[in-house]
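Thank you for making the time this morning. I would like to walk through one structure with you, beginning with its sheets and ending with its surface.

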Amino acid sequence: MNDNAVKSTPMNYSANRPCADNPVKIMDLSLRDGHQSLFATRGRTEDMIPVAEMIDEIGFWALETWGGATFDTMHRFLNEDPWDRLRILKRHIKKTPFSMLLRAQNLVGYRNYADDVATAFVDRAADNGMDIFRTFDSLNDYRNFETVVRQIKKSGKHFQGCICYTMTEPRMGGNVYTLDYYIAKARELEAMGADSICIKDMAGLIAPYDAYTLVKALKEAVKSPIHLHSHFTSGMAPMSQLKAVEAGVDILDTCLTPYAYRTSHPAIEPLVMTLLGTNRDTGFDIHKLAAINEVLEKQVLPKYKHLLDDSKVSIIDINVLLHQTPGGMLSNLVNQLREMDALDRLGDVFKELPRVRKELGQIPLVTPTSQIVGVQTVNNVLHDTPDERYKMITAQVRDLCYGLYGKTAVPIDAELQKKALQGYSRGENPITCRPAEVLDPELEKAKKEIGSLATNMDDLLIYAQFPITGRKFLEWKYGLAEPPESVKPITLDFVKKQEALVKKAKAGELVERKTAENIPPKSERSRAFNVFVDGEYFNVEVDPAGGAFPADPPTIRAPATPVAIPAPAPTPFVPSAAESVEGNRLLAPMPGMIIAYKKKVGDPVLKGEALVILEAMKMENALTASSDGVVKSIGFKQGDTVPKGATLCVY
Ligand code: CO
C-alpha cells in the first residue's frame with residue numbers, strides 16, 4: 001500500500017480529522033496569479049479585505065499577494081499604491097506568510113535594473129511585510145539572482161528559487177531542456193542557498209508523467225523542499241499535481257475556485273477532497289473554503305466577471321498543447337494582430353514563432369521573454385519582405401542580443417545578432433558578464449528626475465521602474481493631476497444597476513427615451529458604457545447625481561451595431577497638428593504609447609535614423625526615417641497614446 005492510500009475512517013470534512021504525517025503544503029495564489037491570470041490583474045485591495053481574515057484561517061503554507069504584474073497594473077490602471085496593498089493586507093492577515101513573484105534583476109518590471117535599484121526594492125519589500133521571495137529569471141540565468149538574493153538573505157527572508165519549465169518538444173526531452181538540465185539548475189539554486197525550489201510551469205506545459213519524473217529526480221538531487229507551480233491552461237495541471245504528490249512534492253500552488261482554472265491554476269477544493277484521509281492530507285476544512293467562495297461569488301466577483309475572456313466556451317486552450325504557447329502570450333499575440341487588423345495572420349505567427357525563438361537562443365517563454373519573442377514574431381510576419389528578415393527589430397531584441405538579459409540556453413543566431421547590434425548604443429560586441437555589471441546606478445538619476453514628487457524610497461522605486469506611468473501615478477497620488485474615470489473603482493451597487501438594465505433590455509422593457517427638456521446637464525464625472533443586448537447596442541452614459549455614484553436611470557441612446565460586452569469607453573483620440581503639415585510622414589505602424597522623440601523640430605535627419613520610440617505591447621520600437629530631411633513637425637509628446645496610422649512626425 002502506498003503513502004497515499006486512505007488510512008483512516010471515519011473521515012470528515014472539517015479540520016479536526018487525524019493529521020497526516022506528511023501533509024502537502026499549499027500556497028494560495030488567488031490574490032496575485034489568480035486575478036492576474038483571469039481578470040487582467042485588476043483585483044483591487046478593497047475586494048481582498050472581505051475574505052482576508054477567512055483565508056488566514058485555512059492553514060495555507062503561504063499566500064501569494066504581490067509581485068508579477070500587480071505592481072504595474074495597480075499604479076497604472078487602478079490608481080492604487082502597490083506598497084499600500086502589502087501593508088493593508090498584512091493588517092488583516094497575521095498568521096500566514098506572504099509570498100511575492102520577483103522577476104530577479106527585472107524586479108517587477110520588464111528589463112534588468114541596476115544593482116542599487118534591485119537592492120533597494122528587495123529591502124523595501126521585506127520591510128513592508130514580504131516574507132517569501134519567489135524569484136525567477138526568464139533565461140534561467142542565475143547570475144541575475146545574485147543581487148536580489150544577497151538582499152533577501154540579508155533581510156532574513158525566505159529565498160525560493162524558480163526553474164522556468166519550458167520545452168522544445170511536445171514532452172520533456174529534446175536537446176536543451178532535458179531532465180539533466182533541470183537537475184543542474186536545481187543544484188545551482190541549492191548552492192545559492194535556496195530555502196525552497198519551485199518548478200515554474202507558467203504555460204501549463206508539464207505533462208503528468210514528466211512531473212512525476214522531474215519531482216522524483218529533484219527530490220533525490222537536492223535537499224530543499226520542491227514546489228510545483230503549474231498553470232491549468234492546457235488542462236493537465238490537476239493530473240500533474242497528483243503525480244507530483246506521488247513523487248513526493250512538498251508544496252503545491254492552487255487558487256480558490258472563483259480564481260481557478262482557464263489560464264489560472266487548479267482549484268484547492270478538489271485537491272483537498274482527493275487527499276482527504278491519506279498520508280498527504282492537507283488538513284484543510286472544506287466548509288471554511290466554501291464560506292470564502294460564497295463571499296467572493298456574491299460580493300466580489302460580480303465586479304470582475306466582465307473581464308473574464310468568455311469568447312470561448314472551452315476552459316482549456318488547445319493551442320498550448322499544439323504550439324506550447326503560454327496562454328498570456330497567446331492573448332497578447334491575438335490582441336496585437338487585432339489592433340493591426342491582421343488577425344488572419346495568426347497561422348503565420350504560429351509558424352514564425354518557433355523560428356524566432358530558436359534564433360534568439362531557444363529561450364523559455366515567460367515574462368518578459370514571451371513578450372520579446374511574441375512582438376518580434378508579429379513584427380516579422382507583418383513587416384518582413386521575401387529578401388529581408390527582421391526588418392523591424394525591437395529595442396528589447398537588441399538588448400537580448402547584446403546580452404543584457406543574460407545568457408541564452410543556446411547561442412543566438414550569429415547573423416541576427418550582428419544585424420541587431422548594428423549601431424546599438426552600448427556597442428556592437430555582445431557582453432558575456434552578469435548583465436547588471438554594465439548598468440550604471442540608477443537611483444540617484446531617478447531621484448533627480450522625479451524631484452520632490454517622490455516623497456520616500458517607495459515612491460522613488462515606482463518611478464525608477466515605471467518612469468512614465470509611475471510619474472502619472474505620483475501626480476494622482478499627491479493631487480497634482482485628476483485621475484481619469486477609468487482608474488476609479490466601481491461599486492457592487494453600480495454592477496447591480498447595470499445588470500438590471502441589461503435584464504430589462506432583454507425583456508424589452510428598456511426605459512423610454514427622455515425628452516430634451518428633462519435631461520439634466522452632463523457632468524464631467526459621466527462615464528460611458530456600451531451595453532449589448534441580443535445583438536442590439538446601447539450607449540449608456542452613467543452620471544453621478546447627488547454625490548452617490550451611480551444614480552438615476554441612465555439615458556439610453558439609439559441602437560447601433562453589436563460589438564462586445566459593457567466596457568468603459570476609451571478616451572477620444574485627438575489628431576495632432578502634424579496631420580496638416582506637408583512632407584514625409586512618419587505614421588504609427590501600430591497603436592502604442594510615445595516613449596520619446598529622438599529629434600526636435602528643425603533637426604536634420606538621415607535615412608535610417610530613429611525619429612520616435614513607440615511602445616507597443618510593452619516593447620519599444622524605434623521608428624526610423626525612410627529618407628533624409630529636416631524635422632518639420634512633431635505630432636505628440638511623451639506619454640501620449642496614439643492609434644495606428646497617426647502622424648507622429650513630418651520631415
Ligand atoms: Co504563474
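Before I start on the sheets, let me fix one term: two strands are said to pair if DSSP finds at least two bridges between them. With that in hand, six bridges join strand 15 to strand 16, and the two run antiparallel. Please keep in mind throughout that what you are looking at is a predicted model.

Strands 15 and 16 belong to an open sheet of four strands, whose order is 16-15-13-19 and whose pairing is antiparallel. Its edges are strand 16, at residues 619–624, and strand 19, at 641–642, each of which pairs on one side only. As a general reminder, the strands of a sheet pair through backbone hydrogen bonds, and they can do so in a parallel or an antiparallel sense. If you want a position to centre your viewer on, take Val612, whose bridge partner in strand 16 is Leu623. On the other side of the order, strand 13 (residues 592–597) and strand 15 (residues 610–616) are paired antiparallel over four bridges, and there Ile594 stands opposite Leu614 of strand 15.

Which side chains of strand 16 are buried, and which are not? Met619, Asn621 and Leu623 point to one face and are buried, whereas Glu620, Ala622 and Thr624 point to the other face and are not. That is the pattern one expects in general, since in a regular strand the side chains alternate between the two faces of the sheet.

There is also an open sheet of three strands, in the order 12-20-18, and again the pairing is antiparallel. Strand 12 (585–587) and strand 18 (633–634) are its edge strands, each pairing on one side only. Strand 12 meets strand 20, residues 647–650, in the antiparallel sense over three bridges, with Cys649 in strand 20 as the bridge partner of Leu586.

Let me move to the aromatic rings, where the structure holds 18 pairs. In the pair of Tyr142 and Phe145, the ring centres are 4.7 Å apart and the planes stand at 50 degrees, so this pair is tilted. Phe145 also pairs with Phe159, this time edge-to-face, at 6.0 Å centre to centre and with 80 degrees between the planes. That second pair links distant parts of the chain, 14 residues apart, because Phe145 sits in the loop between strand 4 and helix 6 while Phe159 is in strand 5. Tyr142 and Phe145 are both buried, and Phe159 is buried as well. Elsewhere, ring pairs link Trp66, Phe71, Trp83, Tyr110, Phe121 and Phe466 into a cluster.

Two rings also carry a charged side chain over the face. Arg42 lies over Phe77, at 4.0 Å from the ring centre, and Lys243 lies over Tyr212, at 5.2 Å from the ring centre.

Turning to salt bridges, the count comes to 43. Lys303 and Asp47 form one of them, with 2.9 Å from N to O, and the two residues are 256 apart along the chain. Lys303 is in the loop between helix 11 and helix 12, and Asp47 is in the loop between helix 1 and helix 2. Are these two residues buried or exposed? Both Lys303 and Asp47 are buried.

Other salt bridges involve partly exposed residues. Asp348 and Arg345 meet at 2.7 Å, N to O; Asp348 has a relative accessibility of 31% and so counts as partly exposed, and Arg345, at 29%, counts as partly exposed too. Glu388 and Lys391 meet at 3.6 Å, N to O, where Glu388 is partly exposed at 29% relative accessibility and Lys391 is partly exposed at 42%. In addition, salt bridges that share partners join Asp84, Arg87, Arg124, Asp127 and Asp458 into one network.

Next, some backbone geometry. In general, most residues other than glycine have a negative phi. Asp341, however, has a positive phi near 50 degrees, and this residue is found in the loop between helix 13 and helix 14. Gln362, likewise not a glycine, has a positive phi of about 50 degrees and lies in the loop between helix 14 and helix 15. Their surroundings can be read from the accessible areas: Asp341 is exposed, with a relative accessible area of 65%, whereas Gln362 is buried, at 12%.

Finally, the surface. Ile318, Leu321 and Leu322 make a nonpolar patch of about 280 Å². Leu321 is placed in helix 12, residues 318–323, and, with a relative accessible area of 39%, Leu321 is partly exposed.

Technical notes
Residues numbered from 1 in each chain as written. Predicted model: local features only at pLDDT ≥ 70, side-chain atom pairs only at ≥ 80, totals over all residues. Heavy atoms only, no water. Patch = residues over 30% accessible without salt bridge, like charges linked within 9 Å, V, L, I, M, F, W, Y side chains within 5 Å. Areas by Shrake-Rupley, 256 points an atom, 1.4 Å probe, with all protein chains shown as cover. Salt bridge = Lys/Arg side-chain N within 4 Å of Asp/Glu carboxyl O. Buried < 20%, exposed > 50% of the residue type's maximum accessible area, 1.4 Å probe, protein only. Phe/Tyr/Trp six-rings, centres within 6.5 Å; stacked < 30°, edge-to-face > 60°. Lys NZ or Arg CZ within 6 Å of the ring centre and 35° of its normal.
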